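Here is a short report for a reader new to this structure. It takes up charged pairs, the contact between chains, and enclosed spaces.

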Protein chains: 2
Amino acid sequence: MSDYAIGVDLGGTNLRVAAVGADGNILARTVLETEVSRGRDEVINELCDAVTQISRQLAQAAQKSSVEANGALLGIGVGVPGLIDSETGMLLESPNLPGWNDYDVQGEIERRLQTSVILENDANVAALGELWLGAGRGMDSLCLYTLGTGVGGGLILQGRIWRGWNGMAGELGHVNVEPQGHACGCGSWGCLEQYASAKAVARMAGEALAGGADTELREVTNGALDSLAVYKSAMRGDPVAKKIFERVGRSLGKALAAMINGLNLPLYVVGGGVSAGWDAFAPAMFDEVRKRSFVYAGTTGRDGQALGGRQRSTRIVRARLGGDGGLFGAARLPMMGKALAGVSPAVSSPARPL
Amino acid sequence: MSDYAIGVDLGGTNLRVAAVGADGNILARTVLETEVSRGRDEVINELCDAVTQISRQLAQAAQKSSVEANGALLGIGVGVPGLIDSETGMLLESPNLPGWNDYDVQGEIERRLQTSVILENDANVAALGELWLGAGRGMDSLCLYTLGTGVGGGLILQGRIWRGWNGMAGELGHVNVEPQGHACGCGSWGCLEQYASAKAVARMAGEALAGGADTELREVTNGALDSLAVYKSAMRGDPVAKKIFERVGRSLGKALAAMINGLNLPLYVVGGGVSAGWDAFAPAMFDEVRKRSFVYAGTTGRDGQALGGRQRSTRIVRARLGGDGGLFGAARLPMMGKALAGVSPAVSSPARPL
């Protein structure tokens with residue numbers, strides 16, 4: 001058996017733990033509900049129990065198959081939603097984990113399990129997972145959008161997580177797509193998150209109904225009017241539902257165009273629950289990107305000559321690992337080592353005042 | 001005398017050449033008009049003559065001062081407007097240098113001068129110059145906007161030029177700021193370039209006059225209605241001119257917010273001719289960035305608690321090197337060496353089709 005690492009994906013509702021071999025195979029896994037309300041100590045207890053249990057499972061499986069002995073445990077990687085101090089492993093802020101602000105998650109797990117732990121932002125580990133085993137296999141840079149309840153993002157530049165100066169890079173859900181658009185929780189208006197998240201899809205459906213639109217969505221019972229219901233309706237040809245997903249696509253296309261123009265990466269990956277609606281939003285997304293990005297158009301044929309025959313197309317694709325991207329990415333962290341996993345820009349002297 | 005390099009800033013109208021010491025001091029310099037109409041061979045001749053002349057000047061100065069002998073020439077760095085293949089040094093495309101497409105600029109200069117040459121995009125070298133000796137001194141990452149006739153951009157990540165996959169990174173002038181805005185030469189509408197370039201300022205002034213606006217700009221003779229005239233008028237309090245520069249600021253703020261949310265760099269620098277109007281556009285720019293960027297606001301006080309006391313503000317400042325940024329950056333290239341100067345994301349396997 002090859003060496004392995006344990007990946008933990010600690011979300012606001014689920015706690016997923018898996019032992020992953022250096023070859024990318026899952027050796028054992030478990031999913032628990034995260035009972036956030038019981039407090040952080042309880043959640044950390046459950047997390048540590050789950051890791052211990054996974055390790056035991058692994059030892060038993062190795063005994064049964066009576067083939068090789070287990071490889072070495074390379075460490076534990078933990079993906080959490082929130083802002084992390086990558087130097088200390090402190091969780092500085094997490095809207096989804098109330099009461100966890102300024103909590104030394106990494107140190108606490110290390111103390112309990114006596115193993116080295118690497119803490120990382122959940123969108124960043126999902127991006128790393130896609131690079132390692134998903135849509136970005138074989139590439140060294142990509143940008144991931146996660147269209148979930150909100151919209152998150154992760155950047156991998158030359159094989160390493162780009163955390164940014166304060167660990168706040170990849171806030172792609174708050175890129176503006178409608179200058180005078182819908183108010184966002186961040187304090188701005190018209191952020192991508194207000195048009196491309198699951199919450200936004202449901203909100204836009206509600207707005208259409210309130211406006212008296214003629215749509216089969218009216219027959220969906222109110223509580224079930226979620227992004228999946230709207231997607232299914234769009235695929236059945238309902239014009240209102242189609243229009244909502246077109247708006248998802250146009251908004252995402254605008255946001256993507258800005259990053260493509262700025263970074264010129266080879267690959268942009270769209271994941272998260274809403275990405276299941278790919279067929280309904282992708283045509284509008286591609287149309288918008290072609291119009292809005294000089295760079296995208298220049299690498300995909302509109303002006304192919306410009307590259308002197310070097311046809312290296314910018315690609316925008318769906319994520320491949322579904323909900324497991326974060327789990328794989330978390331397990332990948334200890335395999336890469338802390339120093340290699342992520343980078344942040346630095347100052348070699350104190351910042352001067354403005 | 002310390003070792004030195006020769007920097008060349010080859011623009012559509014000027015050819016600037018300087019010998020720059022490893023300590024950043026200019027040892028000799030010259031500026032010529034670029035007579036683009038005489039053809040690329042003639043321009044390359046003039047460029048090589050200017051380099052030879054600078055070298056001679058340097059040798060004479062060293063003799064006269066009779067102090068130390070010259071240091072070693074580390075190489076020649078050349079900044080050009082356009083898309084470059086960084087592996088071969090080919091200029092693939094340059095709207096400002098007609099007839100230069102697919103021209104081996106680097107190889108041609110190397111053949112003539114028998115010295116190693118590094119070719120790089122002009123906005124990229126300007127960004128490198130600002131990092132080395134300008135607004136970014138002591139930092140290792142920054143994003144530069146050049147507000148000139150058009151709007152360009154350059155990214156330095158961890159001390160190195162970020163070229164992107166096809167050398168097209170930093171097309172920051174084509175980030176969308178008005179979804180239904182003014183048509184842009186790139187094929188899109190409402191690009192930053194249509195609101196924050198010198199050409200855009202003059203156009204907006206013309207639009208205001210055509211619309212019958214009550215403004216002192218009406219007294220400016222038509223040919224002289226450039227961005228400087230509008231800036232001066234704004235600083236004298238003309239409401240129409242002030243509004244134009246407010247639009248410059250709002251547009252730039254929106255574009256900046258997207259990059260700040262995405263990359264979370266410590267520093268964003270605004271250069272180019274229009275940056276002389278900083279006093280007129282900066283207030284609106286900062287206002288917009290504070291509203292539009294979760295990350296900026298989070299690092300500059302709106303929600304300072306969020307960073308657990310780590311007050312590392314994102315800074316947006318004017319470029320410090322004026323028109324010399326490109327010259328210094330070009331000279332810096334051979335000092336860093338080709339491999340260190342720039343990086344591009346790569347694929348370790350051929351890209352798969354969609």
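## Charged pairs

A:K254 and A:E178 join their side chains in a salt bridge, with 3.5 Å from N to O. The model is a predicted one. A:K254 belongs to helix 7 of chain A. A:E178 sits in the loop between strand 10 (160-162) and helix 4 (193-196) of chain A. The pair therefore ties together parts that are 76 residues apart in sequence.

How buried or exposed are the two partners? A:K254 has a relative accessible area of 12%, so it counts as buried, under the 20% cut-off. A:E178 has a relative accessible area of 22%, so this residue is partly exposed.

Chain A also holds a network. Salt bridges with shared partners link A:E246, A:R250, A:D287, A:E288, A:K291 and A:R292 into one network.

Two further pairs deserve a look. A:D9 and A:R16 form a salt bridge, and both residues are buried. A:R38 and A:E42 form a salt bridge too. A:R38 is partly exposed, because its relative accessibility is 44%. A:E42 is partly exposed as well, because its relative accessible area is 27%.

The table sets out the three pairs by name and distance.

| Salt bridge | Closest N to O distance |
|---|---|
| A:K254 and A:E178 | 3.5 Å |
| A:R38 and A:E42 | 3.1 Å |
| A:D9 and A:R16 | 4.0 Å |

Why can such pairs form? Side chains of opposite charge can pair when their charged atoms come close. Over all chains, the count comes to 35 salt bridges.

## Between the chains

How many salt bridges cross the interface of chain A and chain B? The rule finds zero there. The contact itself involves 72 residues of chain A and 73 residues of chain B. Together the two chains bury about 6300 Å² between them. Of that area, 54% is on carbon and sulfur atoms.

## Enclosed spaces

How many cavities of 30 Å³ or more does a search of the whole structure find? The search finds three.

The largest cavity has a volume of about 150 Å³. It is lined by 15 residues. The closest to its centre are A:V175, A:N176, A:V177, B:N176 and B:V177. So this list names residues from chain A and from chain B. Helix 7 (239-263) of chain A supplies at least two residues of the lining, and helix 7 (239-263) of chain B also supplies at least two. By class, the lining of the largest cavity has ten nonpolar, two polar and three charged residues.

The second largest cavity holds about 70 Å³ of space. Its lining includes B:G82, B:L83, B:I84, B:S86 and B:L119. Also in this lining are B:E120, B:N121, B:N124, B:R163 and B:G167. Strand 5 (83-85) and strand 7 (117-121) of chain B are the elements that give two or more residues to the lining of the second largest cavity. Strand 7 of chain B provides the largest share, three residues.

Which classes make up the lining of the second largest cavity? By class, the lining has three nonpolar, five polar and two charged residues.

Note on methods: Residues numbered from 1 in each chain as written. Chains lettered and ligands numbered in written order. Predicted model: local features only at pLDDT ≥ 70, side-chain atom pairs only at ≥ 80, totals over all residues. Heavy atoms only, no water. 1 Å grid on protein atoms, 1.4 Å probe; cavity = no way out; pocket = protein on both sides within 12 Å on 5 of 7 lines; lining within 4 Å. Points joined across faces, edges and corners; volume = space filled by probe spheres on them. Helix = DSSP H or I, 4+ residues; strand = E, 2+ residues; numbered from the N terminus. Nonpolar A, V, L, I, M, F, W, Y, C, P; charged D, E, K, R; others polar. Buried < 20%, exposed > 50% of the residue type's maximum accessible area, 1.4 Å probe, protein only. Contact = heavy atoms within 4.5 Å. Buried area = accessible area lost by both parts, 1.4 Å probe.
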